[in-house]
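Q: I would like to learn how to read charged residues, buried elements and pockets in a protein model. Could we work through an example together?

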Amino acid sequence: MRKKNSPISKKKDEFYMGLAIDLAKKARPSPNPRVGAILVKNGKIIGKGYHRKAGEPHAEINAINSAKRKLPDLSGSTLYITLEPCCHYGKTPPCTNRILAEKIGRVVIGAKDPNRLVAGRGISILRKNVAKITAGVLSVSATEINDGYNHFITTGWPLVVLKAAISLDGKISAENRDSKWISNRKSRRIVHEMRSKYDAILVGSGTVLKDNPRLTSRIRGGIDPMRIIFDSKLSLPLNAKVLADRNAIIFTTAKCNKAKKLLLEKKGYEIQVAGNSQVDLKKALSFLGKRGITGILVEGGAKIYGSFINQKLADKVILFIAPNVRGGQNAPVFPSISLKNPTYTKIDDNVMIEGDL
């Protein structure tokens, strides 16, 4: 039997894996997973890397290459990798081959890869060919950074996460449709961090017409998501902030304004017709999956939330509950839901609730 790690070695493994996870968070190589790697020898970090872009070298290869610029001999070193190394030929060669060729003595893995081309085979190949393996270190955190990829690789569709700020009486805006600043400043910063994590952010045309949001990640080092707008009639004004660049897809219907569609297309915007009078969510999600979009953050409005929930096409919900009452019989409310595995986080006077649907 393999001996369990001592408390000291376990703590050391978790420390280095934590650094690898932090590296992975910098990446968005969709549709590939976010992966970070740390290479350690004689108690010192000799290499770091993360998977920057699909088609480019994977995290472990970048870590190995950075280490070899300083230390040609990597034998006996330990590789910390957040996701099981690949073992098949794709746009790049198998990472398992390079790990073995460099005679790396030990590989510590955060999470297994659900991709059927890997799914434990990477670990098996390394284990059969000398490399010592420790798997499952900080597995929960290593898995969470790839929730979109994990869903996408097993279903072919993007993970759909509904995000909303609501008042104590469940309203997402006042009766006059003013929805600004329900949540506090810290909660809003967390939302900008979330936007940097997901490939795309989705809203309905009503939200754009009401709030004119930019839908960007306004944090240092943040990555702006693709904007997806559902607009059945193409009512968006050309000067809407979400159209400030071409990083957007507008889904519309057969009943849209044909002249407006032609004008938007001439200006370089991507318009997709999905449905007759209402945007067909399944067609839209199928299209986005084929485009390699692995995760979508849905930010409203009430009709969009309701459609995803009623059609059972939402996977997770994140709610920021604020200690205020909006009131108003006609004020829009967040749809009725029941969450599985909810977690609660206090953010000053707000509470963030996350759960699965």
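A: The dialogue below takes salt bridges, a helix, a loop residue and a pocket in turn, and the model under discussion is a predicted one.

Q: Let us begin with charges: how many salt bridges are there by the rule used here?

A: Side chains of opposite charge can pair when their charged atoms come close. In this predicted model the count comes to 15 salt bridges. One of them joins the side chains of Glu102 and Lys68, with an N to O distance of 3.2 Å. That pair links distant parts of the chain, since Glu102 sits in the loop between helix H3 (95-101) and strand E4 (106-111) while Lys68 belongs to helix H2, 34 residues apart.

Q: Are Glu102 and Lys68 buried or exposed?

A: Burial is read from relative accessible area, where buried means under 20% and exposed means over 50%. Glu102, at 13%, is therefore buried, whereas Lys68, at 29%, counts as partly exposed. Both residues also belong to a network of salt bridges that links Lys68, Arg98 and Glu102.

Q: Which parts of the chain do the salt bridges of Asp147 and Lys163 link?

A: The side chains of Asp147 and Lys316 meet at 3.6 Å, N to O. Because Asp147 lies in helix H6 and Lys316 in strand E12, this pair ties together parts that are 169 residues apart in sequence. Both Asp147 and Lys316 are buried. The salt bridge between Lys163 and Glu299 has an N to O distance of 3.6 Å, and it connects strand E6 (residues 159-166) with the loop between strand E11 (295-298) and helix H11 (302-310), 136 residues apart. Lys163 and Glu299 are both buried as well.

Q: What should I make of Glu60, and where does it lie?

A: A charged residue is read together with its surroundings, and Glu60 is a case to examine with care. Glu60 lies in helix H2 (residues 59-68), and it is buried yet has no salt bridge, the nearest side chain of opposite charge being that of Arg98, 10 Å away. Leaving aside residues up to four places away in sequence, Glu60 touches Ala37, Leu79, Ile81, Pro85, Cys86, Cys95 and Ile99.

Q: Why is helix H2 described as largely enclosed?

A: Seven of the ten residues of H2 are buried, so the helix is largely enclosed by the rest of the structure. The buried residues are Ala59, Glu60, Ile61, Ala63, Ile64, Ser66 and Ala67, and they pack against strand E1 (36-41), strand E2 (44-50), strand E3 (78-83) and helix H3.

Q: How is a loop residue such as Ala119 read, and which residues does Ala119 touch?

A: Ala119 is placed in the loop between E4 and helix H4 (121-128), and with a relative accessible area of 44% it is partly exposed. Its contacts, not counting residues up to four places away in sequence, are Glu84, Asp113 and Pro114. The C-alpha atoms of Ala119 and Cys87, 32 residues apart along the chain, are separated by 9.7 Å.

Q: Finally, which residues lie closest to the centre of the second largest pocket?

A: A pocket is read from its volume and its lining. The second largest pocket holds about 860 Å³ of space, and of its 28 lining residues the closest to the centre are Glu144, Ile145, Asp147, Lys197 and Glu354. Helix H7 (185-197) is among the elements that each supply at least two lining residues, and its five residues make up the largest share of the lining. By class, the lining has nine nonpolar, eight polar and eleven charged residues.

Terms used. Residues are numbered from 1 along each chain as its sequence is written. This is a predicted model: local features need pLDDT of at least 70, side-chain atom pairs count only at pLDDT 80 or more; totals for chains, interfaces and linings use all residues. Side-chain values use heavy atoms; hydrogens and water are left out. On a 1 Å grid over the protein atoms alone, a cavity is a set of points where a 1.4 Å probe fits but cannot get out, and a pocket is an open set with protein on both sides within 12 Å along at least five of seven lines; lining residues have an atom within 4 Å of a point. Grid points are joined across faces, edges and corners, and a volume is the space filled by probe spheres set on the points. Helices (H or I, at least four residues) and strands (E, at least two) are DSSP runs, numbered from the N terminus. Ala, Val, Leu, Ile, Met, Phe, Trp, Tyr, Cys and Pro count as nonpolar, Asp, Glu, Lys and Arg as charged, and the others, Gly among them, as polar. Buried means under 20% relative accessible area, exposed over 50%, partly exposed in between (1.4 Å probe, protein chains only). Lys and Arg count as positive and Asp and Glu as negative; His and the chain ends are not counted. A salt bridge is a side-chain nitrogen of Lys or Arg within 4 Å of a carboxyl oxygen of Asp or Glu. Contact means heavy atoms within 4.5 Å.
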